[in-house]
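Subject: Structure handover

Hi,

Here is the structure I promised to pass on. Have a look at it first, and then read my notes below.

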Amino acid sequence: MTLETRHLAYVDALARAGSFSRAAEELGITQPTLSRAIQGLEDRVGGRLFDRLPKGVVPTALGNAFVTRARPILSATSDLERELAAIQGLQSGHLRVLVGPYVAAILLGAALGRCLERAPGVRVEVDEADSGRLPGLLLEDGIHVAVAEISLFTDRERLEVEPLGVRQGEYVCRAGHPLLGRDEVKLADVMRYPLATTQVPPAVWKRLADGSSLSGRHDALAASGSAVRCQSLTALADLVESSDAIGIFSRGIVRRRLDEGTLAVLPLDGPRPTSNWGILHRKDRTLSPAASAFIEAIRWADAEVPLD
């Protein structure tokens with residue numbers, strides 16, 4: 001025997017109203033329709049659910065048992081309908097976002113502000129990870145959207161990828177650094193000093209080397225890598241400010257220190273570091289309304305936040 005939610009609602013309304021006419025009015029159907037539905041249901045369960053009296057109806061023992069079981073189901077169904085409507089209307093929901101450190105420093109704050117303005121009831125959880133862990137984390141079931149360096153993700157068959165604007169970085173050193181006394185600085189000169197960076201993917205090392213005096217030697221660059229790898233851009237800026245280490249930052253990340261004169265941009269003769277960021281999510285997962293709202297917010301932040 002298969003019951004539909006409307007059957008439960010009919011029995012509940014009739015038990016509360018005590019008459020077919022009042023129950024039909026509450027349900028928004030005609031009295032004959034309700035009478036036929038109850039009769040058909042009684043035939044299916046094999047017994048009377050209501051005794052018909054001259055002045056109304058009362059549930060039988062079978063009817064009382066039916067109502068007792070039906071009401072929690074109707075309440076849970078109503079709760080589910082409200083929750084689904086709230087999620088669709090961005091009044092509730094949960095979103096888990098994956099970002100790299102530079103995205104977190106440059107775009108994330110503006111994007112989250114925009115997202116929560118549009119979807120104030122959504123709970124957002126942000127995971128910040130180094131480049132080595134980002135691809136594997138995105139393929140976990142709990143992650144909804146990633147914003148990160150596209151070249152990290154080699155398994156493109158499973159991902160939707162939307163590129164963002166290209167952002168330029170700079171080689172940055174402390175005030176008074178020996179390289180600042182030169183009219184021009186080459187990448188080979190930079191590499192003679194300790195590099196302090198986040199984990200740099202091989203594709204980024206290649207972009208750093210191409211067009212410079214180290215062109216074709218990106219494998220060697222990647223092998224030697226950074227002297228200090230750290231996910232905290234603040235800690236890296238502190239290190240660069242207090243040593244001869246050289247960092248890679250966008251101007252926006254260290255603008256206050258540049259303005260104060262504690263850090264300086266090296267006059268590099270060659271290509272600057274550039275980002276290749278994008279929005280990524282799995283093809284086999286339907287985006288939730290909250291995830292769609294966050295993606296719209298990232299697009300907005302990418303357009304609004306200055307590229308330098």
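Let's start with one residue: which residues does H281 touch, not counting residues up to four places away in sequence? They are H144, R158, L159, E160, L287 and I295. Before you go further, please keep in mind that this is a predicted model. H281 sits in strand 12, which covers residues 277-282. With a relative accessible area of 14%, H281 falls under the 20% cut-off and so counts as buried.

**The overall picture**

The protein has 308 residues, and 42% of them are buried. Its secondary structure comes to 12 helices and 12 strands. If you take the contacts with a separation of 6 or more, 73% of them are between residues 24 or more positions apart.

**The sheet around strand 12**

Strand 12 belongs to an open sheet of 5 strands, in the order 4-3-5-12-6, with mixed pairing. At the edges you will find strand 4 (123-128) and strand 6 (159-163), and each of these pairs on one side only. On average, neighbouring strands of this sheet are turned by 20° against each other, direction ignored.

Two helices to look at here are helix 5 and helix 12. Helix 5 (residues 101-118) packs on the sheet and touches strand 3, strand 4, strand 5 and strand 12. The direction of helix 5 makes about 175° with that of strand 4. Helix 12 (residues 289-304) also packs on the sheet, where it touches strand 3, strand 5, strand 6 and strand 12. Its direction makes about 30° with that of strand 5.

Now for strand 5 itself, which is worth finding on your screen. Strand 3 (residues 94-99) and strand 5 (residues 145-149) run parallel and are joined by 3 bridges. Within that pairing, V97 has V145 as its bridge partner, while V99 is partnered by V147. Strand 5 and strand 12 run antiparallel, with 4 bridges between them. One pair to look for there is A146 with L280 in strand 12. Is strand 5 buried or exposed? 5 of its 5 residues are buried, so strand 5 is largely enclosed by the rest of the structure.

**Helix 5 against helix 12**

These two helices also pack on each other. Their angle is about 130° and their axes are 8 Å apart. An angle of about 130° therefore makes helix 5 and helix 12 oblique to each other. Their crossing is right-handed. On the helix 5 side, the contact is made by L107, L108, A110, A111, L112, R114, C115 and R118. Helix 12 contributes A293, F294, E296, A297, I298, W300, A301 and D302.

**The cores**

What is the number of residues in the largest nonpolar core? It has 49, and those with the most contacts inside it are L107, Y171, V190, I246, F249 and F294. L107 and F294 will look familiar, as both are part of the contact of helix 5 with helix 12. Leaving out residues up to four places away in sequence, L107 touches L164, R167, W277, A301, D302 and V305. Apart from this core lies another one, of 20 residues, including L8, A23, L34 and A70.

**Helix 1 and helix 3**

Finally, turn to helix 1, which covers residues 5-17. Helix 1 packs with helix 3 (residues 31-45) at an angle of about 110°, and their axes are 10 Å apart. That angle is why helix 1 and helix 3 are described as roughly perpendicular to each other. Where they meet, helix 1 brings H7, Y10, V11 and L14, and helix 3 brings L34, A37, I38, L41 and R44.

A13 is also in helix 1. Its relative accessibility is 0%, so A13 counts as buried. Beyond residues up to four places away in sequence, A13 touches A23, E26 and L27. You may also want to look at A13 and E25: these two are 12 residues apart along the chain, and their C-alpha atoms are separated by 9.8 Å.

That's everything from my side.

Cheers

Note on methods
Residues are numbered from 1 along each chain as its sequence is written. This is a predicted model: local features need pLDDT of at least 70, side-chain atom pairs count only at pLDDT 80 or more; totals for chains, interfaces and linings use all residues. Side-chain values use heavy atoms; hydrogens and water are left out. Buried means under 20% relative accessible area, exposed over 50%, partly exposed in between (1.4 Å probe, protein chains only). Contact means heavy atoms within 4.5 Å. Two strands pair if DSSP finds at least two bridges between them. Axes are lines fitted to C-alpha atoms, for helices over the stretch in contact, and angles run from 0 to 180 degrees between N-to-C directions. A nonpolar core is a set of buried Ala, Val, Leu, Ile, Met, Phe, Trp, Tyr and Cys residues joined through side-chain atoms within 4.5 Å. Angles under 35 degrees count as roughly parallel, over 145 as roughly antiparallel, 65 to 115 as roughly perpendicular and the rest as oblique. A crossing is left-handed if the near helix is turned anticlockwise from the far one by less than a right angle, and right-handed if clockwise.
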